[in-house]
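Q: Could you take me on a close look at one part of this model, starting from the site you find most worth describing? I'd like one connected account, with the cut-offs spelled out as you go.

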Amino acid sequence: MKKMIMNVRSLLLITVLLSISMSLFSQSRISITHGPYLQGLTEDEVTIVWTTNKMAISWVELAPDDETHFYHVPRPQFFSESYGFKVVDSVHMVKLKDLKPNTSYRYRIYSQEVLSHEAYNITYGRTVASNVYSETPLKFTTNNPQKEDISFLVLNDIHGNNELMDSLMTGIRWDKTDLVFFNGDMTTDLRSEKKLFDDFLDKTVTLFAKETPFYYARGNHETRGNFATTFPRYFPTPTGQLYYMFRQGPVCFIVLDCGEDKPDSDIEYSGIVAFDNYRTEQAKWLEKVIGSDEFQQSPFKVVITHIPPFGNWHGEKEILDKFVPILNKANIDLMLCGHLHTPVYREKSDTVNFPILVNHNREMINIQANKKQMDIQISNSSRKQVKSFHFKASNNSKP
Ligand SMILES: [Fe+2]
């Protein structure tokens, strides 16, 4: 009997030791912790972003979207690089350049742990990669200005409500959706990488962002919290700024970064913001891009910015004073905003010569656009259509 008890104790001890060592082993192995997701997709570029639990170098393998297996031939590798070095980090951004417009590519992500870097010697650890063996390789398609029609969604002011985002996006046909805009305040503030992913980004990756791009217009809440200065790192854009322009199908989009809603001197910002200067600099950029052929030749011109130019609070007034006079010269078809947590539609006026649609914080805009018209449907979290709009392309665009 005594011997039997001893055997059971030994067995228990071995089991405990085994599970401890297994857990230590799994903790010590490199893994992909978040992502990947697509950013800054244009006709010839895209940046693929993901994170790991260890410092690593990273790369993407790219394959054509054909019938061959991903393992058919060695696929070309594109590394995360900066100033001639492969970047060692836990946030990985691989920018793929010189892609062909209107072309689908399959991709696989890799990270190899960097254990140490002493003098001239680097010690590498294990490599982790996305699965192309038992799962279909991930895929993206570059933008196409010649595309006859496009479909896109606009979501704003979710404030970290994953469940709401999930219900708003339930039933979306991702194979028929070209892109998504996050028009600000997807979170209430940024305090850590964990919070960024917990609040909306992990859900975004699960829903669509591995294969369908989202474009971010920063809201005033993404400027708050100790982690807010790190925001641009996770959302690379075509210009390297948080304001940018791109074209997909018949629409040229200008995404503006509204900044904060109160004066820079407000107690809430602890003396750390300088958005008045920032908006002035942004206005100079805006003046330049509205003169570009890419913008002027587009049948539809849509502006995405979180805070509407209603001139009430300081942020609104700044947008009205600094951006609107430039946009008034630019034949804008529509401006899409959020921020107010209430739906508003304003027709063009003497002050603002384009219509403004402010989306509710619990509703989503779904837009179908071709060269002649833009159909807008707004739906709630029960997927019920609550409003619709119809716009004809302005005759002001050059042929
Ligand atoms: Fe806001």
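A: Happy to. Donors are N, O and S atoms within 2.8 Å of the metal (3.2 Å for Na, K and Ca), and a site may look incomplete since water is not among the atoms. This is a predicted model, in which local features need pLDDT of at least 70 and side-chain atom pairs count only at pLDDT 80 or more, while totals for chains, interfaces and linings use all residues. Residues are numbered from 1 along each chain as its sequence is written, and side-chain values use heavy atoms, with hydrogens and water left out.

Let's begin at the metal. Four residues coordinate the iron ion at 2.1 to 2.2 Å: D185 through OD, N220 through OD1, H306 through NE2 and H339 through ND1. Along the sequence, these donor residues follow the spacing D-x34-N-x85-H-x32-H. D185 and H306 link distant parts of the chain, 121 residues apart: D185 sits in the loop between strand 11 (179-182) and helix 3 (193-209), and H306 in the loop between strand 15 (300-304) and helix 7 (314-327). Helices here are DSSP runs of H or I with at least four residues, strands are E runs of at least two, and both are numbered from the N terminus.

What is the geometry of the iron ion's site? The site is irregular, with angles of 89 to 168 degrees among the four donor atoms. For reference, four donors are tetrahedral if all angles lie between 85 and 135 degrees; four are square planar and six octahedral if opposite donors are over 155 degrees apart and all others between 65 and 115; anything else is irregular. D185 and H306 are both buried, where buried means under 20% relative accessible area, exposed means over 50% and partly exposed lies in between (1.4 Å probe, protein chains only).

From the loop that holds H306 we can step into helix 7. Its axis and that of helix 5 (residues 275-289) come within 9 Å and cross at roughly 15 degrees. Such axes are lines fitted to C-alpha atoms, for helices over the stretch in contact, with angles running from 0 to 180 degrees between N-to-C directions. Helix 5 and helix 7 are therefore roughly parallel to each other; the labels are roughly parallel for angles under 35 degrees, roughly antiparallel for over 145, roughly perpendicular for 65 to 115 and oblique for the rest. Their crossing is right-handed, and the residues that make the contact include F275, R279, A283 and L286 of helix 5 and H314, E318, F323 and L327 of helix 7. Contact means heavy atoms within 4.5 Å. As for handedness, a crossing is right-handed if the near helix is turned clockwise from the far one by less than a right angle, and left-handed if anticlockwise.

R279 deserves a pause. It lies in helix 5 and is buried, with a relative accessible area of 0%. Leaving aside neighbours within four places in sequence, R279 is in contact with H314, G315, E318, K322 and F323, and also with C258, G259, E260 and D264.

Two backbone details belong to the loops beside these helices. S270 is in the loop between strand 14 (251-255) and helix 5; it is not a glycine, yet its phi is positive, at about 50 degrees, and S270 is exposed, with a relative accessible area of 65%. N331 is in the loop between helix 7 and strand 16 (334-337). Its phi is also positive, near 55 degrees, in a residue other than glycine, and N331 is partly exposed at 32%.

Now go back to the other end of the D185 and H306 link, where the loop of D185 is followed by helix 3. Helix 3 packs with helix 2 (residues 162-169) at an angle of about 25 degrees, the axes being 9 Å apart. Helix 2 and helix 3 are therefore roughly parallel to each other, and their crossing is right-handed. On the helix 2 side the contact is made by N162, M165, D166 and M169, and on the helix 3 side by D198, D199, F200, K203, T204, L207 and F208.

One last stop is P355, in the loop between strand 17 (344-346) and strand 18 (356-358). P355 counts as buried, at 6% relative accessibility. P355 and I332 are 23 residues apart in sequence and 8.4 Å apart in space, C-alpha to C-alpha. Beyond neighbours within four places in sequence, the contacts of P355 include D333, L334, M335 and F391.
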